[in-house]
Amino acid sequence: MLNLEIITPRRLLVHEEVEMVEARGELGEFGILPGHIKFLTTLDVGEIRYMKGGRTRHLFAAGGFGEVVDDRIVFLVDTAEFAEEIDVDRAERTVKWAESALREVSVDSSEYRMQELALLRSIARISVASKKL
Amino acid sequence: MATLREIKRKISSINSTRTITRTMKMVSASKLRRAQDELEKIRAYAVKIEELTGRVIANVPPESHPLLTEREHIKKVLIVSIASDRGLCGGFNVNIGMKAENFVAQNRDKYERIAIYAVGKKVKDYLQRRKVEVIKDLTEIKKVNKGLVDSIASDLIRYYTEGEFDKIYLEYTHFLSPVKQLVMFDEFLPIKASHIYEDTEYLYEPDKNKIIEKLIPRYISTKIYFAILDSQTSEHGARMSAMENATSNSGEMIDNLTLIYNKRRQETITNDMMDIVGGAEALRGT
């Protein structure tokens, strides 16, 4: 079993024993099973999944760090939500808003980068929300 | 000697002061509860980030990041003093000011320059009055948010990396209980490995330096955020117990004055009666 902790600056989301964890690092998706090597990664915007007793839970997570040491996994993420908690309407509104904003601002401005990130986050939120139990 | 009416006026004035201090105590108590909740929310994250940063930087040479590299000659020192804008909270602001002042007094000969980065109006005023250099002050802080914390963090990182300061201390009040708070005075930048090398050589993704580059700013802003929340919690706690004391002191004063008032009143009555009896005796004699 793996001991999984998912912590954000706002709250402790998950602290339990699980069988398998999958998440999205900067270099792509990775999975963790018991006996994993000591591992430290940055996290990208995307999904964290963990399996426990044949059930899979999905979370949206954006940015942060993941550490694996001796079957203990700690994800320190900037923001994270369970799939069930995601406000899909709001995410869809943000997508529309960001898309229109992206057409207006110049490609290399910081505003563009901000909107692009907002768009990525919202798309990821919507995709995670579609997997709720 | 105070007349009866003067004593009575004084009693009622203290009574209204007591009403105010009691209300302030209750307001602080509810603010304290909220601040404690906020502090609890971030505690787990802050502790883990600190542990993680400690482990990671114990595994890298200090030259690998400018914020880890200790300067050979320390000439210019900055103290980040976190207190509050408002008074009526016992020694809360003064304790922070005094510790910084003492540090300046003790190390004046050692360093070329010691400056303060003040968070809160009271601590800024206190140190400026004592001719300590305040390089920047943040006052009128309504809400502690990411923007505020990030701006402090980027100021500090800039000061250090541009060589304006060679060492940065962080000073704030740590909350233990509503009646007990502790002034913390810690070395902040450069970041020191909290423990000696331990064997946690990781598999890094994407690579060690990229992770350190992301982790260090995150560590710095988390630490600042936590220190400010800790300080605010302490402030409410300090104000609550200061007001609690004020309330019970006014109670005592009212009791004392009431006693004097009653004694004085009785005296007057006795005197009046003596006069009447004396007068009656005198009349009977004729």
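Student: Why is B:Glu187 called partly exposed?

Tutor: This is a predicted model, and in it B:Glu187 has a relative accessibility of 39%. The partly exposed class lies between the limits of 20% for buried and 50% for exposed, so B:Glu187, at 39%, counts as partly exposed.

Student: What makes the pair of B:Lys192 and B:Glu187 a salt bridge?

Tutor: The closest N and O atoms of B:Lys192 and B:Glu187 are 3.0 Å apart. The rule asks for a Lys or Arg side-chain nitrogen within 4 Å of a carboxyl oxygen of Asp or Glu, and 3.0 Å satisfies that limit, so the pair is counted. B:Lys192, with 45% relative accessibility, counts as partly exposed.

Student: How do you know that B:Glu164 and B:Arg113 form a salt bridge, and what does the pair tie together?

Tutor: The N to O distance between the side chains of B:Glu164 and B:Arg113 is 3.8 Å, which is within the 4 Å that the rule allows. B:Glu164 belongs to the loop between α4 (146-161) and β4 (167-177) of chain B, whereas B:Arg113 belongs to strand β2 (residues 113-119) of chain B, so the pair ties together parts that are 51 residues apart in sequence. As for exposure, B:Glu164 has 31% relative accessibility and counts as partly exposed, and B:Arg113, with a relative accessible area of 24%, is partly exposed.

Student: Why is B:Thr53 called buried?

Tutor: B:Thr53, which is found in helix α1 of chain B, has a relative accessibility of 1%. The buried class holds values under 20%, so B:Thr53 counts as buried. Leaving aside residues up to four places away in sequence, B:Thr53 touches B:Leu215 and B:Tyr219.

Student: How far does the backbone oxygen of B:Ile49 lie from a polar atom of the side chain of B:Thr53?

Tutor: That distance is 2.6 Å, to be set against the cut-off of 3.5 Å for a polar contact.

Student: What makes β4(B) a mostly covered strand?

Tutor: The description rests on a count, since 9 of the 11 residues of β4(B) are buried, and a residue is buried when its relative accessible area is under 20%.

Student: How do you know that β4(B) pairs with other strands, and in which sense does each pair run?

Tutor: Pairing needs at least two bridges between the strands. Strand β1 (residues 76-82) of chain B is joined to β4(B) by 5 bridges, and these strands run parallel; in this pair B:Val80 stands opposite B:Leu170 in β4(B). With strand β5 (residues 180-189) of chain B, β4(B) pairs in the antiparallel sense over 9 bridges. Both counts reach the limit of two. B:Ser177 has B:Lys180 in β5(B) as its bridge partner, and β4(B) and β5(B) form a hairpin with 2 residues between them.

Student: How do you know that chain B and chain A meet, and how much area do they bury between them?

Tutor: Contact is judged by heavy atoms within 4.5 Å, and 23 residues of chain B are in contact with 23 residues of chain A. Between them the two chains bury about 2100 Å², 64% of it on carbon and sulfur atoms. B:Tyr45, B:Lys48 and B:Glu205 supply 30% of the area that chain B buries against chain A, more than any other three residues.

Student: What makes β5 of chain A and β6(B) a strand pair across the chains?

Tutor: Strand β5 (residues 39-43) of chain A and β6(B) are joined by 3 bridges and run parallel; the pairing rule asks for at least two, and 3 meets it. In this pair A:Thr41 stands opposite B:Glu205 in β6(B).

Student: How many salt bridges cross the interface, and why does the pair of B:Glu38 and A:Arg10 qualify as a salt bridge?

Tutor: The rule finds 5 salt bridges across the interface of chain B and chain A. For B:Glu38 and A:Arg10 the N to O distance is 3.5 Å, and because the limit is 4 Å, the pair qualifies. B:Glu38 counts as partly exposed at 22% relative accessibility, and A:Arg10 counts as partly exposed at 42%.

Note on methods. Residues numbered from 1 in each chain as written. Chains lettered and ligands numbered in written order. Predicted model: local features only at pLDDT ≥ 70, side-chain atom pairs only at ≥ 80, totals over all residues. Heavy atoms only, no water. Buried area = accessible area lost by both parts, 1.4 Å probe. Helix = DSSP H or I, 4+ residues; strand = E, 2+ residues; numbered from the N terminus. Buried < 20%, exposed > 50% of the residue type's maximum accessible area, 1.4 Å probe, protein only. Polar contact = N/O pair within 3.5 Å; in protein donor to acceptor, adjacent residues only side chain to side chain.
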